[in-house]
Amino acid sequence: MKKFFRSLLARYMLIIVLALSFVQVAYLMIAILLTGVADNFESPYTSDEMNYDQIEDNWHKDANRLETEEDISKHFDKWKEQYHDATMFWVDQNGTLRDVTEERDDLPIEWTSSFTAKYIKDRYGDNPFTVIAFVGEGDTDGFVVFEINRDVFQKPMQIAFNQYSGWLLIGTLFLVIFFIFISFLFFRGIRKRLLQLQEAMEIRDVDELPVQIDVKKQDEIGQLEQTFNQMVHELRESKKREQEEEQLRRELIANLSHDLRTPLTKINAQTYKIVRQDVSDGSKQAIHALEASVEDIDKLIENLMSYTLLMASKYKLDIQEVDIVRFARERIATWYPVFEKEGFEINVELEPLHDSVWHVDPIWLGRVIDNLLQNVLRHANNGRYVELKTASTNSYDSIIVRDRGGGMKDSSNQKGADIGLSIVEMMVKGMQLEWEIQSSNDGTTIQIKKNIQDKK
């Protein structure tokens, strides 16, 4: 139950209840106010005995007792004392207007039968309230008319309501606006907290992780904030474990690489001694195969170390201006005897580029070209073809390495191409270059690209 009262639902229900209570209290206060005001409105026409039927009966009874003109005048004076807002007049048997209590321009001196009929029709059920009665017992002495505005018979409460209805409307509008304002503040607070949570999700610290936020309330959004903070905490713990595992892995690889190089050095020394001895040709071939295997293992260990250093961002990058055509020519020259020994057809087409000066790390770029050529030697030697060339387009300059092997999907008896290409990818991106691989059963083409708009 305590959790429910802290929720947003409970708060909004409280706002609704308060709004309804305000309405009821407001109507009660208005009723009390109108009652108090109505007590100040005193009128002789609002007693329980004063009603239209009673007035009409009394007027007819008094009119029946009239005989002379003096009686009519006294009759008017008597009713005027009680109904001082009323107008009374007498039209005699000749249709002449007689004895009018107040001057009126709308009453003609001579009353024709058609005007009389029209007058009666206009006054029937309309305002002012009108009573017409014949004078005396017969209908030969004319008729007397009583007129009074119907508004004077309103109850004090009705009068007060009519007078203060505008204030009542203003008060109602104020309550509605007040409820809307409270609801606006409520939902604005929710929106503000949600936006703060969104901003916290977008902010990153030095580890590229979200930052925790302060939980100020224990409602639904507060629970969401707590869950978010718990998620951030778990991410930090996971990041910490990952960094510890990565550090342990790097140390393991470094130690393992160092420990492996020691026996490889001994193996190289022993094979060198054996080659110098007088052994058979078959033994020499076996020793050369062993030397090649040792060299391959050494290259794999070197790649593994480089990959580990690159992943840890500890492989130093030294950007320099390099004549890329000349650099590629010097690099392929060191590999030329190797490919020639293996019977490869070597095609070198190093033409000037739009901009032959690249801003790269010569050690990194040399490692990239060496890894690509080494992969050709290891995994595409069945094609016996290697090509190194430069090319320019309207958007980029590039170095191209091509072979005629079985493609990337072709299985090889020597592994390690994946880690070598991973090193190539990280080094290429580290030097702000791009690369592209196209591979099929007819061979593989790899381009190292430098966008022309990136020229310095």
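Here are legends for a set of close-up views of this predicted model.

**Figure 1. The whole chain, before we zoom in.** The protein chain runs to 456 residues, and 34% of them count as buried. Its secondary structure adds up to 11 helices and 11 strands. If you take contacts between residues at least 6 apart in sequence, 67% of them join residues at least 24 apart.

**Figure 2. A five-stranded open sheet.** Reading across this sheet of 5 strands, you get β6-β8-β9-β11-β10, and the pairing is mixed. The edge places go to β6 (345-349) and β10 (434-440); each has a single partner strand, so one side of each has no neighbour in the sheet. From one strand to the next, the twist averages 15°.

**Figure 3. The β6 edge and its partner.** Here we look at how β6 is held to β8 (residues 385-392): the two run parallel and are joined by 5 bridges. To pick out a pair by eye, start from N347, whose bridge partner in β8 is E387.

**Figure 4. Two helices on the sheet.** Helix α9 (residues 324-341) lies across β6, β8 and β9 (396-403), and its direction is at about 170° to that of β6. Helix α10 (residues 362-379) packs on the sheet too, with β8, β9 and β11 (443-451) as the strands it touches. Measure the directions of α10 and β9 against each other and you should get about 25°.

**Figure 5. The largest pocket.** This one holds about 670 Å³ of space. Its lining is made up of 18 residues, and those nearest the centre are A292, E295, V338, E342 and L377. Helices α8 (281-311), α9 and α10 each put at least two residues into the lining. The biggest share comes from α8, which gives 8 residues. If you're thinking about chemistry, the lining of the largest pocket splits into 7 charged, 6 polar and 5 nonpolar residues.

**Figure 6. H75 and its surroundings.** H75 sits in helix α4 (residues 69-82). Its relative accessibility is 6%, and since buried means under 20%, H75 counts as buried. Skip the neighbours within four places in sequence, and the residues in contact with H75 are W59, D62 and L66.

**Figure 7. R384, a positive phi in a loop.** Most residues other than glycine have a negative phi. R384 is not a glycine, yet its phi is positive, at about 50°. You'll find R384 in the loop between α10 and β8. R384 counts as partly exposed because its relative accessibility is 38%, and that class lies between the 20% and 50% cut-offs.

**Figure 8. Q432, another loop residue with positive phi.** Q432 isn't a glycine either, and its phi is positive, near 60°. The loop in question runs between α11 (417-430) and β10, and β10 is one of the edge strands of the sheet in Figure 2. Q432 has a relative accessible area of 64%, so it is exposed, given that exposed means over 50%.

Terms used
Residues are numbered from 1 along each chain as its sequence is written. This is a predicted model: local features need pLDDT of at least 70, side-chain atom pairs count only at pLDDT 80 or more; totals for chains, interfaces and linings use all residues. Side-chain values use heavy atoms; hydrogens and water are left out. Two strands pair if DSSP finds at least two bridges between them. Helices (H or I, at least four residues) and strands (E, at least two) are DSSP runs, numbered from the N terminus. Axes are lines fitted to C-alpha atoms, for helices over the stretch in contact, and angles run from 0 to 180 degrees between N-to-C directions. Contact means heavy atoms within 4.5 Å. Buried means under 20% relative accessible area, exposed over 50%, partly exposed in between (1.4 Å probe, protein chains only). On a 1 Å grid over the protein atoms alone, a cavity is a set of points where a 1.4 Å probe fits but cannot get out, and a pocket is an open set with protein on both sides within 12 Å along at least five of seven lines; lining residues have an atom within 4 Å of a point. Grid points are joined across faces, edges and corners, and a volume is the space filled by probe spheres set on the points. Ala, Val, Leu, Ile, Met, Phe, Trp, Tyr, Cys and Pro count as nonpolar, Asp, Glu, Lys and Arg as charged, and the others, Gly among them, as polar.
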